[in-house]
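Please open the structure in your viewer and keep the selection panel at hand. The tour below goes from one selection to the next and says what is to be found at each stop.

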Number of protein chains: 4
Amino acid sequence: MKISFPLIVINFKTYSQASGRKGLELAKTAEKVWKETGICVAVAPQLTDLMFIAQQVEVPVFSQHVDDVSPGAHTGHVTLEAIKDAGAIGTLLNHSERRLRIDVIDSIVKRAKELNLLTLVCANTAEVSAAVAALYPDMIAIEPPELIGTGIPVSRAKPEIVTKTVDLVKKVNPEAKILTGAGISSGEDVEAAIKLGTVGVLVASGVVKARDWYSAIMDLVRPLSK
Amino acid sequence: MKISFPLIVINFKTYSQASGRKGLELAKTAEKVWKETGICVAVAPQLTDLMFIAQQVEVPVFSQHVDDVSPGAHTGHVTLEAIKDAGAIGTLLNHSERRLRIDVIDSIVKRAKELNLLTLVCANTAEVSAAVAALYPDMIAIEPPELIGTGIPVSRAKPEIVTKTVDLVKKVNPEAKILTGAGISSGEDVEAAIKLGTVGVLVASGVVKARDWYSAIMDLVRPLSK
Amino acid sequence: MKISFPLIVINFKTYSQASGRKGLELAKTAEKVWKETGICVAVAPQLTDLMFIAQQVEVPVFSQHVDDVSPGAHTGHVTLEAIKDAGAIGTLLNHSERRLRIDVIDSIVKRAKELNLLTLVCANTAEVSAAVAALYPDMIAIEPPELIGTGIPVSRAKPEIVTKTVDLVKKVNPEAKILTGAGISSGEDVEAAIKLGTVGVLVASGVVKARDWYSAIMDLVRPLSK
Amino acid sequence: MKISFPLIVINFKTYSQASGRKGLELAKTAEKVWKETGICVAVAPQLTDLMFIAQQVEVPVFSQHVDDVSPGAHTGHVTLEAIKDAGAIGTLLNHSERRLRIDVIDSIVKRAKELNLLTLVCANTAEVSAAVAALYPDMIAIEPPELIGTGIPVSRAKPEIVTKTVDLVKKVNPEAKILTGAGISSGEDVEAAIKLGTVGVLVASGVVKARDWYSAIMDLVRPLSK
């Protein structure tokens, strides 16, 4: 298995704090925490840094996005095959900053399975999460967009969204793995996310913008490694 | 100066033949030709390979595309700052496989100048080329989409499109640097492109799909290094 | 109730045969068949003809598409409020020629309910149909895009897609109303669609391009009015 | 000639104040002012109201947008042929709320000429205006998006943008007809726009949201009819 649960996924977005060589450094820090604690910490670097970083770390690397195109004449696009060649084990899809068409998610999820790549599909509401569940991705992340980047964790501000998501998703696919996203920045948030029935978290600014990456990631991991 | 004319730009698109480590090998081959001939051969690798390749070659590296966003919360996008951090010297824009809005081209060209990055904007018609010229990018490539990937060079099939492009563009900006694209695969095509008043070529399948990259690039460069 | 089942929905697309005044004539023909047979025949005219036609016929009128924006500063968009003011009772969404993001479908379906407008969401695969079902639109149309416009009915060429769609959708929402689309042109096709567990059909070229609209629609309706 | 200069174009956007029957009433008011003053007042109603309104007024009617598709299987799109059948004489393109790709503008402008339809292309900067001029639309409207809907006229807040636009556009096409948009609401604004070298204005909220449409439009027209 390429990943294990509970799972922490760090999305670097296009933050300057984690661009290029700094992104590599952040990925190395995630690797250090994983080695010290055994908790799975995955990273999703900038698209342009993907191979550069994936070739130099042992933690699971995700792409932030892929396009629904096959290898060939598709200038400026990102294929599943390209991220696999780069060393990624899977991809985020449908992040609130990069929403996708429903048929495109279906198509990419199916092709990713054939290529043995993991898909982590984001959703903004409980209903969209349930819809996504019907496409059978490997993981679903519920992220109310209004909380993204606020530092206010969804698990505290709107726990009922997470609960409703778990309910609706499990009805469609009882085996679905759900992550909690949006506003996550502390171990307490992670603990709450797990208690609400999800199996991990998707974080971005809470880690990327922290002054001390090692402490920030360790803080997230702490309640999981008790 | 980061580039010199005549200029050959090799677009790797998302061809499997130039993905990941194979892309690095193609970029190294371009570098070899440049060192042997002194003719500037630039490469535009897959987005996900950009930093991996740019860190390991001395030839000019272009991104295939950038989005009109600044560093920050933009999951799955490509910023000008990211390609600069990756080691690229500029970017293709508005390729026929990745067309852009007119205001977006204007915005990216302006921001690229501030960041000291080069822009090479593709255009499908003489009129669009002239429109692009009014935005003052560093280079314009005229590429009739119906000839892309055919092996039939625009310089032979439709030389009047290139001539008209040069005419219309020069009226808007007499200093504009124009490249010829679409169907280019031989030194003869490059020679024709230069005779028609352009300063180089944009090639893709003609090189990427060639059995012997070194011979294919050398063949393009030959008439320029006489 | 604004519509009744079995239901025939005629999508005018942007066919010249049903543009402007000709579109009104086609809608009037649908109305005639409905009055003569009692079978519900709804029409989806071109966007620009929507109010012109909806104000002059009694059959249910659907929009072909709406955007996910509210009334206000949204030049060139179509709001739910606009189609309601125009006299439509609902809208098609996510047609294969106008696919939508998953969060956009969720948002429009929810807002349509508030405005008492019906939503008929198209889907290209059984899995996407099930995903759509989790968003609880009023109707779902399964339309394999490869059969659209071919005259080869999905109910004959790929009945297993319809059966699988009914299966997967009913698991998510047992009350869901499913229509069969793609390649429908005869009463036989409609009969097959009903037997496969769907409650009507979505047709376009099969009617719009017919020489005699009245006969074409009557032919579709015949097996339903036995 | 379908229009005359100076020209006032009223964009209804998707404002509820000008939706459906209210849109017809606004178009009728524009017609009244035109008949009383002889000044050309054109209207751009909501897409879904286009034919309904165009069939009932004599003032020039523009579409707010068209897609770059021909009549046929294009559900949910707006063709040039459809707006012509509806009775429009032309279309706005590339409004800041509905930006288009540069190749799409080129294609639509060329096809509109063949169909004898007028194009009025919006631009957000002087450079984009010059780029658009190279595509030879019938009219160009300079509208700095930051002033749209503010009631602060560009002609007062940033007259240098209008002046620069006129300069750059005339270099590309000395015959170009330029309109001033963004923040226009009074006759004084219109007067300023004319003095800066443009031939009319594009207004929206300044008229649509006015309590008394007749007074609002008359106020715009007054300095032109002296």
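## Where chains A and C meet

Begin by selecting chains A and C together: their contact takes 18 residues from chain A and 18 residues from chain C. Bear in mind throughout that this is a predicted model. On the side of chain A that touches chain C, the elements that give two or more residues are α4 (102-114) and α5 (126-133) of chain A, and of these α5(A) supplies the largest share, with 5 residues. If you colour this side of chain A by residue class, you will find 10 nonpolar, 3 polar and 5 charged residues.

Now superpose the two copies, and chain A can be laid on chain C with an RMSD of 0.0 Å by a turn of 180° and a shift of 0.0 Å along the axis. The two copies are therefore related as by a two-fold rotation axis. Because 100% of the interface residues of chain A are also interface residues in chain C, the copies meet through the same surface.

## Where chains A and B meet

Next, hide chain C and display chain B beside chain A, where 38 residues of chain B are in contact with 38 residues of chain A. The elements of chain B that give two or more residues to the side touching chain A are α2 (50-54) and α3 (80-86), and α3(B) gives the most to that side, with 5 residues. Coloured by class, the side of chain B that touches chain A divides into 13 nonpolar, 19 polar and 6 charged residues.

Superposing this pair, you can lay chain B on chain A with an RMSD of 0.0 Å by a turn of 180° and a shift of 0.0 Å along the axis. Here too the same surface serves both copies, since 100% of the contact residues of chain B recur in chain A.

## Helix α1 of chain A

Select residues 21-37 of chain A, which form helix α1; at 1.5 Å a residue its 17 residues should span 24 Å, and the end C-alpha atoms are 25 Å apart, which agrees. Which residues of α1(A) are buried? They are A:G23, A:L26, A:A27, A:T29, A:A30, A:V33 and A:W34. These residues cover an arc of only 155° around the axis, which puts them on the same side of α1(A). As general background, an α-helix has 3.6 residues a turn, so residues three or four places apart point the same way.

Add β1 (7-11), β2 (40-44), α2 (50-54), α9 (205-208) and α10 (213-221) of chain A to the selection, as the buried residues of α1(A) pack against these elements. Then turn to the face of α1(A) that points away from its buried side, which carries the exposed residues A:K35 and A:E36. Following the chain onward, α1(A) gives way to A:G38, whose phi is positive, near 80°.

## The sheet of chain B

Finally, select the strands of chain B, of which 8 form an open sheet with parallel pairing, in the order β2-β1-β8-β7-β6-β5-β4-β3. At the edges stand β2 (40-44) and β3 (62-63) of chain B, each with a single partner strand, so one side of each is left without a neighbour in the sheet. For a view of one pairing, zoom in on β5 (residues 118-123) and β6 (residues 139-142) of chain B, which run parallel and are joined by 4 bridges. Within this pair, B:V121 stands opposite B:I140 in β6(B).

Notes. Residues numbered from 1 in each chain as written. Chains lettered and ligands numbered in written order. Predicted model: local features only at pLDDT ≥ 70, side-chain atom pairs only at ≥ 80, totals over all residues. Least-squares fit on C-alpha atoms with pLDDT ≥ 70 in both. Contact = placed C-beta atoms within 7 Å. Expected span 1.5 Å × (residues − 1). Buried ≥ 20, exposed ≤ 12 C-beta atoms within 10 Å, placed from the backbone. Arc of directions from axis to C-beta. Nonpolar A, V, L, I, M, F, W, Y, C, P; charged D, E, K, R; others polar. Pairing = 2+ DSSP bridges.
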